[in-house]
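Subject: Handing over a structure

Dear colleague,

I am passing the structure below on to you, together with an account of what was found in it. Please look through it first, and then read on with the structure open beside the text.

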Amino acid sequence: MLPEDLAERRQMLLRWTQGHQAAADFLHQMSEMVRLADDIVDETEQRQRNVCWLLSRAWTVLPFNAFYQAHGITLAPLLNTIIVRWQQSDEFRVSGDSLKQQFGFVIREDIGTLTVAVASIIGGYEHAKQVADEMFSACHSASTETVEDWVKE
């Protein structure tokens, strides 16, 4: 998970996008939208507000982001894939199949591939690899959640 502190998160995103403001804004908006979508699925409290916030970001913020405008044709299939994998992960979680649950536990985090893709667009392979490694360290390496914990949710 990205840092909760917005200043720390902004600095991380700017580092990952090599200072590209619009790309950092795009990743920030996407992280907020994913968080809202997850809250809508997991929580009944504030559901209406969260749907409105999600739609507002999707319809009135994201389309005007310069990075998204420049690279949307490239990013759209990846975004669709991330959505499919998120749905698939939840189906795998409740499947009762141990192998599917293991894969589901990993692919539920496919949104991270968006950050790697943005890094690749901006800085090429080496930069994308560096970002992927740093993102794992920052967002996943300290997690103590297990597949079994996730399946119980």
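Asp-110 counts as buried, because its relative accessibility is 15% and the cut-off for buried is under 20%. Please keep in mind here, and in everything that follows, that this is a predicted model. Asp-110 is placed in the loop between helix 5 and helix 6, and its side chain makes a polar contact of 3.0 Å with the side chain of Arg-85. Once its neighbours within four places in sequence are left aside, Asp-110 is in contact with Arg-85 and also with Ile-82.

On one side of that loop is helix 5, which runs over 98–107. Its N-terminal end is capped by Asp-97, which has a side-chain oxygen 2.9 Å from the backbone nitrogen of Leu-99. The buried residues of helix 5 are Gln-101, Gly-104, Phe-105 and Ile-107, and these pack against helix 4 and against helix 7, the latter covering 147–152.

On the other side of the loop is helix 6, which holds Leu-114. Leu-114 is buried, since its relative accessible area is 1%, a value to be set against the limit of under 20%. Not counting residues up to four places away in sequence, Leu-114 touches Phe-26, Leu-27, Met-30, Leu-75, Leu-78, Leu-79 and Ile-82. For one of these, Leu-78, the separation from Leu-114 is 36 residues in sequence and 7.2 Å in space, taken from C-alpha to C-alpha.

Leu-114 also leads to the largest nonpolar core, which has 24 residues, and in which Trp-16, Phe-26, Met-30, Phe-67 and Leu-114 have the most contacts. At least two residues of this core come from each of helix 1 (6–16), helix 2 (21–42), helix 4 (66–93) and helix 6 (112–139). Met-30, when its neighbours within four places in sequence are set aside, is in contact with Leu-62, Leu-79 and Leu-114.

Turning to helix 1, its N-terminal end is capped by Asp-5, with a side-chain oxygen 3.3 Å from the backbone nitrogen of Ala-7. The buried residues of this helix are Arg-9, Met-12, Leu-13, Leu-14 and Trp-16, and they pack against helix 2 and helix 6. Just after helix 1 comes Gln-18, with a positive phi of about 55 degrees, in the loop between helix 1 and helix 2.

Most residues other than glycine have a negative phi. A second positive value in a residue other than glycine is found at Gln-46, where phi is near 65 degrees. Gln-46 has its place in the loop between helix 2 and helix 3, and it counts as partly exposed because its relative accessibility is 39%, which falls between the limits of 20% and 50%.

Gln-18 appears again among the contacts of His-127, a residue of helix 6. Leaving aside neighbours within four places in sequence, His-127 is in contact with Arg-15, Trp-16, Thr-17, Gln-18 and Ala-119. His-127 is itself buried, as its relative accessible area is 8%, where buried requires under 20%.

In helix 4 you may wish to look at Ala-66, which counts as partly exposed because its relative accessibility is 45%. Ala-66 and Leu-36 are 30 residues apart in sequence, and their C-alpha atoms are 22 Å apart in space.

Last comes the largest pocket, which contains about 1,600 Å³ of space. Its lining is made up of 43 residues, and those nearest the centre of the pocket are Val-34, Trp-86, Arg-108, Glu-109 and Ile-111. Helix 1, helix 2, helix 3 (47–61), helix 4, helix 5 and helix 6 each supply at least two residues of this lining, and helix 2 gives the most, with 11 residues. By kind, the residues of the lining divide into 24 nonpolar, 8 polar and 11 charged.

With best wishes

Note on methods: Residues numbered from 1 in each chain as written. Predicted model: local features only at pLDDT ≥ 70, side-chain atom pairs only at ≥ 80, totals over all residues. Heavy atoms only, no water. Core = buried A, V, L, I, M, F, W, Y, C linked by side-chain atoms within 4.5 Å. Buried < 20%, exposed > 50% of the residue type's maximum accessible area, 1.4 Å probe, protein only. Helix = DSSP H or I, 4+ residues; strand = E, 2+ residues; numbered from the N terminus. Contact = heavy atoms within 4.5 Å. 1 Å grid on protein atoms, 1.4 Å probe; cavity = no way out; pocket = protein on both sides within 12 Å on 5 of 7 lines; lining within 4 Å. Points joined across faces, edges and corners; volume = space filled by probe spheres on them. Nonpolar A, V, L, I, M, F, W, Y, C, P; charged D, E, K, R; others polar. Polar contact = N/O pair within 3.5 Å; in protein donor to acceptor, adjacent residues only side chain to side chain.
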